[in-house]
Amino acid sequence: QVQLVESGGGLVQAGGSLRLSCTASGRTFNLYDIAWFRQAPGKEREFVAAITWSGGSTYYADSVKGRFTISRENAKNALYLQMNSLKPEDTAVYYCAARRSGLTTRYDYWGQGTQVTVSS
């Protein structure tokens with residue numbers, strides 16, 4: 001089992017940057033694929049980016065490709081999302097989520113979320 005805590009959200013102007021962090025408890029962080037999701041007011045939660053347990057593969061939603069970068073440091077039980085060229089439509093609560101690599105396609109573990117607000 002793993003517990004996740006996000007940080008790094010805030011208010012930024014359009015065109016600016018933020019880096020979100022997600023730290024995990026437990027000694028088996030490197031067994032989990034990790035992803036970022038987001039949910040804007042009145043909208044469904046959507047996938048943003050994901051990274052495999054080793055960091056060898058990354059995946060992005062088309063809406064953030066080329067602007068966001070997902071990375072991880074297994075030695076620090078940490079996941080990051082570098083967000084550049086932010087747009088007002090990126091405003092949402094961002095969540096990190098984890099799933100056991102190779103055992104399930106469902107993200108079973110979720111953090112509490114961190115708010116990102118992009119002003120125009």
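**Exercise 1. Around Thr 91**

Find which residues Thr 91 touches once its neighbours within four places in sequence are set aside, and then look at its polar partners.

*Solution.* Start with the contacts: beyond those neighbours, Thr 91 is in contact with Ala 40, Gln 115, Val 116, Thr 117 and Val 118. Keep in mind that we're working on a predicted model here. Next, place the residue: Thr 91 belongs to the loop between E8 and E9. Now check the polar atoms. The Thr 91 side chain gets to the backbone nitrogen of Val 118 at 2.9 Å. A polar atom of that side chain also sits 2.9 Å from the backbone oxygen of Pro 88.

**Exercise 2. Asp 90 and its arginines**

Work out which residues form salt bridges with Asp 90, and where in the chain the partners come from.

*Solution.* Step one, the arginines. Arg 38 and Asp 90 join their side chains in a salt bridge at 2.9 Å, N to O. That pair bridges distant parts of the chain, 52 residues apart: Arg 38 is in strand E4 (residues 32-39), while Asp 90 is in the loop between strand E8 (78-83) and strand E9 (92-100).

Step two, the other arginine. Arg 67 forms a salt bridge with Asp 90 too, with the closest N and O atoms 2.8 Å apart. Here the separation is 23 residues, since Arg 67 lies in the loop between strand E6 (58-60) and strand E7 (68-73).

Step three, burial, where the cut-off is under 20% relative accessible area. Asp 90 comes out at 1%, so it counts as buried. Arg 38 is buried at 6%, and Arg 67 is buried at 10%.

**Exercise 3. A salt bridge for contrast**

Are Lys 76 and Glu 73 buried, partly exposed or exposed? Then go back to the network.

*Solution.* First, the pairing: the side chains of Lys 76 and Glu 73 form a salt bridge, 3.8 Å from N to O. Lys 76 has a relative accessible area of 57%, so it is exposed. Glu 73, at 33%, is partly exposed. As for the network, shared partners tie Arg 38, Glu 46, Arg 67 and Asp 90 together through salt bridges. The total for the structure is 7 salt bridges.

**Exercise 4. Strand E4 and its partners**

Describe how E4 pairs with E9 and with E5, and say how much of E4 is buried.

*Solution.* Take E9 to begin with: E4 pairs with it in the antiparallel sense over 8 bridges, and Ile 34 has Ala 98 as its bridge partner in E9. Then E5 (residues 46-51): this pairing with E4 is antiparallel as well, over 5 bridges, and Ala 35 stands opposite Ala 50. The E4 and E5 hairpin has 6 residues between the strands, and in it Gly 42 adopts a positive phi near 75°. Finally, burial: 7 of the 8 residues of E4 are buried, so the strand is largely enclosed by the rest of the structure.

**Exercise 5. The four-stranded sheet**

Give the strand order of the open sheet of 4 strands, and explain why E1 and E7 each have a side without a neighbour.

*Solution.* The order reads E1-E3-E8-E7, with antiparallel pairing. Strand E1 (4-7) and E7 are at the edges and have a single partner strand each, so one side of each is left without a neighbour in the sheet. From one strand to the next, the twist averages 15°. Now zoom in on one pair: strand E3 (residues 18-24) and E8 are joined by 6 bridges, and Ser 21 has Tyr 80 of E8 as its bridge partner.

Key. Residues are numbered from 1 along each chain as its sequence is written. This is a predicted model: local features need pLDDT of at least 70, side-chain atom pairs count only at pLDDT 80 or more; totals for chains, interfaces and linings use all residues. Side-chain values use heavy atoms; hydrogens and water are left out. A salt bridge is a side-chain nitrogen of Lys or Arg within 4 Å of a carboxyl oxygen of Asp or Glu. Helices (H or I, at least four residues) and strands (E, at least two) are DSSP runs, numbered from the N terminus. Buried means under 20% relative accessible area, exposed over 50%, partly exposed in between (1.4 Å probe, protein chains only). A polar contact is a pair of N or O atoms within 3.5 Å; within protein, one must be able to donate a hydrogen and the other to accept it, and residues adjacent in sequence count only if both atoms are side-chain atoms. Contact means heavy atoms within 4.5 Å. Two strands pair if DSSP finds at least two bridges between them. Axes are lines fitted to C-alpha atoms, for helices over the stretch in contact, and angles run from 0 to 180 degrees between N-to-C directions.
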